[in-house]
Amino acid sequence: MDKTSVIFGNKMPDKVVKKATKSKEKYIKKFGDDSNKDYKLGFIGIDCLDFIDAKNVIFSKENEEFPKKAVIVGNIRMGFGHYRISIAMASAAKALGYTPVWLDLASFDATGSKMIRAQNDLYSMGSRLSQISKLFNHFVWEPMNKEGFKKISYNAVDQKNSENLVPIFRNIPKDTPYIATHVWPSQAAIHSGMTHVVNAIPDNWPMALHLSEGAIHTVQTNYAYYGYKRLDGFSKKPLNHMPDDDIKMVGKYVDHEIVKNLEKDNDARRDRIANNKPIRILFTVGGAGAGAKQLIEMINHLLPYVKENKVSLFINFGDHLNVYEKLCKKIPGFADTNKFFDQYSALKDFVAKMNEEDVSGIYSIYHQDIFPAVYSTNLLMRKCDILVTKPSELVFYPIPKIFMRHIGGHEAYGAIHGAELGDATYECDTKQKITRMLDDFIHDKSLLLHMIEETEKMKELGLYNGAYECVKLAVKGRDGK
């Protein structure tokens, strides 16, 4: 199924097609040709996601039958964002009466999986390098993430590469509802002949990187809708638009547990503010482990507030122990603060009591396993008052947010969206901006109360229903059946 030569009726130049073909062949040469392999598929549970009964697909000796009313969530690890969105989709599927099936295409011993891991390693290295080299960030990383990935020719190459993932799909029923939270799992599903594919686009900045012709593309904002519908700026010349049935604005991808309990969680926030309790600030370390310098600056600035019991800090390091170790070296006494390291059950017990008990001090969270590494933020998010994060997938979650400096130019447009809707600040890209913003939120509680109110207004408008809508679209498919 050729998706490289013509994309939404737009013919690609011969040199682009040749480049794409060479790219696919390069990975086959490096990792082997498994196009004739018959990979048998089985299932295991995911302990961290037992509350939604998610089934993880693994290679097996014999094929196991897919669960009844299965909804597959096709994903990869690239940072934490795509995993977090995948959990939101799985949560929504469970809430709507389906069985979520987790398909991480990077997790297998297959040619396509090795290709993904190689590309993810390069992306993670570039992300970290962009934080320590201003020249690399300015001349390479920012332009690539904002404009390089925007070109439709980039999509042509990805389409050809994703053909290497098809063997993994050989024993998946082709009419199973399927939601992809990264474009490669979407492209792979389409190439394999799957018929009910939703391509959940994560970013607010339209890029051809995320195109997967044949799937239903979903976006979280109107800005993204218009950009993708028109394929705006994907080429120097005007392009054919995406057909109406190929693009839907569905709202923000948020977990059922967070949407359902929003008012309850906000009442707890208002109660803490009214009773002058310490403001609970949650920091996240992204999946690439970047942003350590700005994190250190913020924590150093907030230490006097912690000592005065005006603020309590929660830092989820994810699976990046090296960032924690860096903070221990740079911040005196940080190693002596409270820790939950590979103690997910203990963390859950602690979080369950956070609304009934006063919490003070600094808490560091780390898990080697990616599932609790990601989901610990979701747990703590509901019990904290402010989330401090780079403007990534967490832009769209219903909690007051202060945005750090972006990592990759495409993220900047998420910060713009959050600031305009009113549940987040603008991007604070310098030490002076972000420390001033933290001071203002600590001293002027009306700023925090206003953001809390805005999240409830957005829920009333249905803006947090994106994950539910993706599940409904996948179940119906393109033909509505």
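Two strands count as paired when DSSP finds at least two bridges between them. That one idea helps with several of the close-ups below, which all come from a predicted model.

**View 1. Strand β8 sits between two parallel neighbours.**
In β8, the bridge partner of I179 is V198. That contact belongs to the pairing of strand β7 (residues 178-180) with β8, which is parallel and spans 3 bridges. To get from β7 to β8, the chain passes through helix α6 (residues 183-191), and this β-α-β crossover is right-handed. Strand β9 (residues 216-219) is also joined to β8 by 3 bridges, and these two strands run parallel. Look for N199 opposite H217 in β9, and for A200 with its bridge partner T218 in β9. Are the faces of strand β8 (residues 197-200) covered or open? Both are covered: V197 and N199 on one side are buried, and so are V198 and A200 on the other.

**View 2. Helix α6 is wrapped up by its surroundings.**
How many of the 9 residues of α6 are buried? The count is 9 of the 9, so the helix is largely enclosed by the rest of the structure. Among the buried residues you will find V183, W184, P185 and H191. Just follow the chain onward from α6 to meet G193, whose phi is positive, near 95 degrees.

**View 3. An open sheet of 8 strands has mixed pairing.**
Trace the strands of this sheet in the order β3-β4-β6-β5-β7-β8-β9-β10. At its edges are β3 and β10 (247-249), each of which pairs on one side only. From one strand to the next, the twist averages 30 degrees. Helix α2 (residues 81-95) packs on the sheet and touches β5 (70-75), β6 (99-104), β7 and β8. The direction of α2 makes about 160 degrees with that of β6. Another helix to find is α7 (residues 222-229), which lies across β9 and β10 and runs at about 170 degrees to β10.

**View 4. An open sheet of 7 strands is paired in parallel.**
Here the order is β13-β14-β12-β11-β15-β16-β17, with parallel pairing. The edge strands, β13 (338-341) and β17 (424-427), each pair on one side only. The twist of this sheet averages 15 degrees from one strand to the next. For a closer look, pick strand β15 (residues 386-389) and strand β16 (residues 401-403), which run parallel and are joined by 3 bridges. L387 stands opposite K401 in β16. Helix α10 (residues 292-307) lies across β11 (279-284), β12 (311-316), β14 (361-366) and β15. Its direction is at about 150 degrees to β12.

**View 5. Aromatic rings meet within a helix and across the chain.**
The structure holds 21 aromatic pairs. One of them joins Y27 and F31, whose ring centres are 6.3 Å apart; their planes meet at 5 degrees, so the pair is stacked. Where do Y27 and F31 lie? Both belong to helix α1 (residues 14-31), with their positions 4 residues apart, about one turn of the helix. Y27 is buried, with a relative accessible area of 9%, and K26 lies over the face of its ring, at 4.6 Å from the ring centre.
Y39 and F59 make another stacked pair, with 4.3 Å from centre to centre and 5 degrees between the planes. This pair links distant parts of the chain, 20 residues apart: Y39 is in the loop between α1 and β3 (41-45), while F59 is in strand β4 (residues 55-59). Y39 is buried at 9% relative accessible area, whereas F59 is partly exposed at 26%.
Elsewhere, F317, Y324, F334, F341 and Y366 form one aromatic cluster. You can also find K150 over the face of W205, at 4.0 Å from the ring centre.

**View 6. K40 meets residues from other parts of the chain.**
K40 is found in the loop between α1 and β3. Is K40 buried or partly exposed? With a relative accessibility of 26%, K40 counts as partly exposed. Leaving aside residues up to four places away in sequence, K40 touches I58, F59, S60, K61, E62, N63 and N171. The C-alpha atoms of K40 and R170 are separated by 8.5 Å, although the two residues are 130 residues apart along the chain.

Conventions: Residues are numbered from 1 along each chain as its sequence is written. This is a predicted model: local features need pLDDT of at least 70, side-chain atom pairs count only at pLDDT 80 or more; totals for chains, interfaces and linings use all residues. Side-chain values use heavy atoms; hydrogens and water are left out. Rings of Phe, Tyr and Trp (its six-membered ring) pair if their centres lie within 6.5 Å; planes under 30 degrees apart count as stacked, over 60 as edge-to-face and the rest as tilted. Buried means under 20% relative accessible area, exposed over 50%, partly exposed in between (1.4 Å probe, protein chains only). A charge sits over a ring if NZ of Lys or CZ of Arg is within 6 Å of the ring centre and within 35 degrees of the ring normal. Axes are lines fitted to C-alpha atoms, for helices over the stretch in contact, and angles run from 0 to 180 degrees between N-to-C directions. Contact means heavy atoms within 4.5 Å. A crossover is right-handed if, with the strands pointing away from the viewer, the path from the first strand over the helix to the second runs clockwise.
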